[in-house]
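This report goes through salt bridges, strand pairing, helix packing and a surface patch in turn. The structure is shown first, and the description follows.

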Amino acid sequence: MRTSFNLLLIEDSLVDAELILETLGEAGFDPICRRVDTREDYLRELHTLPDLILSDFSLPQFDGKTALLLMKECGVEIPLIIVSGCIGEDMAVECMKAGASDYLLKDRLSRLPHAVSQALERKKLIEEKRQAEQRLFLEAFHDPLTGLPNRSLFLDRVNRVVLRNRRDTAHLFAVLYLGLEGFKIVHDSLGPSAADRLLIDVSQRMLRRIRSADTLARPGGEDFLFLLDNLKSDDNTIRVAERVRQEFSAPFPLDGQDIFLTAILGITSSTTRYEDADHVLRDATTAMHRAKAFGRSGFAIFDHVMHDQAMTRLKLETDLRQALERKEFRLHYQPIITLETGQVAGFEALIRWQHPEHGLMMPHAFLTTAAELGMLAPLGEWSCEEACRQLRAWQDAFPKVPPLTMSVNLSIEQF
């Protein structure tokens, strides 16, 4: 079977060109050949990316070493073999250092088929390596479901625009964090496969709403990220956010049903003067959670008050997780009086938190957060045990008092 390949031949002698092609043909090659002998023609043909270049070393207007340098400047990697009638050993070594695959003399063309075979094989290995690197890049930096950039690649691109903004404050950018309300219901009711198809549909619809210079990414779950680069003004960010929201006014057809999702957007921009990409993403996420707290479709633009509130919340969560272990909770007992006799019939146990920094905290300051952290059950268990311990202590101390009752507040989950 004859081996076909695209050959670019740099040769000004028709006789020599025919001899080279004849030698290759006899060895079982069937090259599709284009011949050039000037710099301009070479550059034009170089962009067609031939499989192999055979080049005479010295032509009236051109030479093989220049061909190697031009190829490097163009950023392409094509095997080039010098085939010359007069190249010296020193010049041949220079050409090899410049990137030539091989060199041989025209009066010794018997070695040409072997040199071409080796060059084509090296090209094949280079191409396989390049494809493997592309696959690794896609796997490492792209979401496997939607094909969009993942969190790592998104942060890298954000970091680049942050650095550019630090050099040139007139270069504006913004990041939008998109959360989808209603997606979990689809996942739980129609299943993960249907939910995956829905995410693909969402990504395709969102891609139609951004410019080629912008980036749409999926960091995971039902969230998406937008990087709007090189904005003319900050007002453009609001217009993009409105367009994204409008996209969700139309349903997504899925398994014969119309699915409606709600877009929740958090926005931050270069006017905050960022130092790194992590802070950009942090603030966009904070703004998205603020928008979600509004309980309706909309968006929120980050400000520093949000960050302070987020840090306060983080500190509260950290302290709350440690409060049980540190025995910082207290029970205050409100007496229950029998109206007929005026006697104490029992008590209601009311939880308090003796915070080491903020002092005594009422339930409204921490119970909602405790519920979100899944701490109501252990708090209820502790309250029951502590209330029972205290009731037994009172019973032992006042044995003549009629049996007392103890009321303890429990969460619905624990009840």
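## Salt bridges

The count of salt bridges in this structure, which is a predicted model, comes to 18. Among them is the contact between the side chains of Arg-111 and Asp-102, which meet at 3.1 Å from N to O. Asp-102 counts as buried because its relative accessibility is 13%, under the limit of 20%, whereas Arg-111, at 35% relative accessibility, counts as partly exposed.

A salt bridge also links the side chains of Asp-214 and Arg-211, with an N to O distance of 2.6 Å. Asp-214 is buried, with a relative accessible area of 10%, and Arg-211 is partly exposed at 39%. The side chains of Asp-283 and Arg-282 meet in a further salt bridge, at 2.8 Å from N to O; here Asp-283 has a relative accessible area of 1% and is therefore buried, while Arg-282, with a relative accessibility of 33%, counts as partly exposed. Elsewhere, Arg-34, Asp-41, Arg-44 and Glu-45 are joined into one network by salt bridges that share partners.

## Strand 3 and its partners

Strand 3, which spans residues 52-55, is covered on both faces. Leu-52 and Leu-54 lie on one side of strand 3 and Ile-53 and Ser-55 on the other, and all of these residues are buried.

Strand 3 pairs with strand 1 (residues 3-10) in the parallel sense, over four bridges, and within this pairing Ile-10 stands opposite Ser-55. Three bridges join strand 3 to strand 4 (residues 80-84), and these two strands also run parallel. The bridge partner of Leu-54 in strand 4 is Ile-81.

## The five-stranded open sheet

In general, the strands of a sheet pair through backbone hydrogen bonds, in either a parallel or an antiparallel arrangement. Five strands of this model form an open sheet in the order 7-8-6-11-12, and the pairing is mixed. Strand 7 (215-220) and strand 12 (298-301) are the edge strands, each of which pairs on one side only. On average, and with direction ignored, neighbouring strands of this sheet are turned by 20 degrees against each other.

Within the sheet, strand 6 (residues 172-181) and strand 11 (residues 262-269) run antiparallel and are joined by eight bridges. Leu-180 stands opposite Ala-263, a residue of strand 11.

## Helices lying across the sheet

Helix 6, made up of residues 151-167, lies across strand 6, strand 7 and strand 8 (223-231), and its direction makes an angle of about 25 degrees with strand 8.

Helix 9 (residues 235-247) lies across strand 6, strand 8, strand 11 and strand 12, running at about 165 degrees to strand 11. Strand 6 and strand 8 therefore appear in the contacts of both helix 6 and helix 9.

## A nonpolar surface patch

Which residues form a nonpolar patch on the surface? The patch consists of Phe-137, Leu-138 and Phe-141, which together have about 260 Å² of accessible area.

Phe-141 has its place in helix 5 (residues 112-141). With a relative accessible area of 31%, Phe-141 is partly exposed; since membership of a patch requires over 30% relative accessible area, Phe-141 meets that cut-off.

Key:
Residues are numbered from 1 along each chain as its sequence is written. This is a predicted model: local features need pLDDT of at least 70, side-chain atom pairs count only at pLDDT 80 or more; totals for chains, interfaces and linings use all residues. Side-chain values use heavy atoms; hydrogens and water are left out. Two strands pair if DSSP finds at least two bridges between them. Axes are lines fitted to C-alpha atoms, for helices over the stretch in contact, and angles run from 0 to 180 degrees between N-to-C directions. Contact means heavy atoms within 4.5 Å. Patches are made of residues with over 30% relative accessible area and no salt bridge: like charges are joined within 9 Å, nonpolar side chains (Val, Leu, Ile, Met, Phe, Trp, Tyr) within 5 Å. Accessible areas come from the Shrake-Rupley method with a 1.4 Å probe; for residues, only the protein chains shown count as cover. A salt bridge is a side-chain nitrogen of Lys or Arg within 4 Å of a carboxyl oxygen of Asp or Glu. Buried means under 20% relative accessible area, exposed over 50%, partly exposed in between (1.4 Å probe, protein chains only).
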